[in-house]
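Student: I would like to learn how to read cysteines and strands in a model such as this one. Could we go through them step by step?

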Amino acid sequence: MSIEHAMRRALDLAATPGVPHGPNPRVGCVLLDPHGSEIAEGFHRGAGTPHAEAAALTEAGDAARGATAVVTLEPCNHTGRTGPCAKALIEAGVSRVVFAQPDPNPLAAGGAETLRSAGVAVEMGLLEHEARELNRAWTFAMEHGRPFVTWKFAATLDGRSAAADGSSRWVSSVAARRDTHRLRAECDAILVGTGTVLVDDPELTVRDELDQPLPRERQLLRVVMGERDLPASARVLNDRADTVHLATRDVAEALSTLHARGIQHVFLEGGPSLAAAFLATGSVDEVVAYVAPKLLGAGRSVVGDLGIESITDALDLHVLDITVLDGDVRITARPVLR
């Protein structure tokens, strides 16, 4: 098995279905003998469980001596709920470590230097882009000190999220709405403005394909942002998930507060004013748009005034994916940095 093949296998292991997307990164590890044959493999199953390297070393036993460890993330160099992986690799007698992504967490970084100091050969950067994408929200939060923000909206072909009479149930198809719940479940928090709560009274929970709420422990944090009070009867305040009301209009303040709570990925589903506030401050990192083949000609726009008067100043997006869902078109894109 080549080193690149082993790294791709490690990435597949890290992406094992059911592994939480946070608060820890998803990591995979493959151990190879001096001839390139696989000895063992492992992946991190979530906070408090053995790290990928530890799981692979346990499976390998004495066969790990002289092996090459292929890991998707730089082995950690700190003691948390588990011991440092760099030390475990050294003690197991691993002779070489190849990892994809350097650890951006200042508390855990430094594993590569610890390994080198112990005489272990270290190489980094193999399939780093793929590794960063695997943990895009975790990596972003570590490097930027705020959560990664995905802005989701559903609109007609002419960019309307609701008709002139305010009706908006439903712009998108059943397939698109189910897909939205899948994306919600991958995030830590869902955020709307007080206006959305007062007008639409959404519950903001994650539901399965049968439209049944997922268990409370799998629900994401519901966040309402804005200075207006919420009525006690609002569905967002029910007991199906935790809710926090951020009584501010300041986007940076809101994201800072959420980051301090350990939130790494925010799913933004607010109205046009809130969307405009996030876009204007450069706080949207990904856009997921469900475009329905309908025309209204009037009604609520998906985004408010951005102060853009010329096409040359338009916010450009780089399209990553286009998928058709029961007639609707899902477009996934990221803002083009200038």
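Student: How many disulfides does the structure hold?

Tutor: In general, a disulfide is a covalent bond between the sulfur atoms of two cysteines. This is a predicted model, and the structure holds zero disulfides.

Student: Why is C76 not bonded to C85?

Tutor: A pair of cysteine sulfur atoms has to lie within 2.5 Å to be called a disulfide. The sulfur of C76 has its closest cysteine sulfur in C85, at 3.7 Å, which is too far for a bond. Read from the other side, C85 is likewise in no disulfide, with the sulfur of C76 as the nearest cysteine sulfur, 3.7 Å away.

Student: Are C76 and C85 buried or exposed?

Tutor: A residue is called buried when its relative accessible area is under 20%. C76 counts as buried because its relative accessibility is 6%, and C85 counts as buried because its value is 2%.

Student: Why is strand β3 described as largely enclosed by the rest of the structure?

Tutor: The same reading of burial can be carried over to a strand. In β3, which covers residues 68-73, six of the six residues are buried, so the strand is largely enclosed by the rest of the structure.

Student: Which strands pair with β3, and in what sense?

Tutor: Strand β1 (residues 28-32) runs antiparallel to β3 and is joined to it by four bridges, while strand β4 (residues 96-101) pairs with β3 in the parallel sense over five bridges. V70 of β3 lets you follow both pairings, since V30 stands opposite V70, and V98 is the bridge partner of V70 in β4.

Notes. Residues are numbered from 1 along each chain as its sequence is written. This is a predicted model: local features need pLDDT of at least 70, side-chain atom pairs count only at pLDDT 80 or more; totals for chains, interfaces and linings use all residues. Side-chain values use heavy atoms; hydrogens and water are left out. Buried means under 20% relative accessible area, exposed over 50%, partly exposed in between (1.4 Å probe, protein chains only). Helices (H or I, at least four residues) and strands (E, at least two) are DSSP runs, numbered from the N terminus. Two strands pair if DSSP finds at least two bridges between them.
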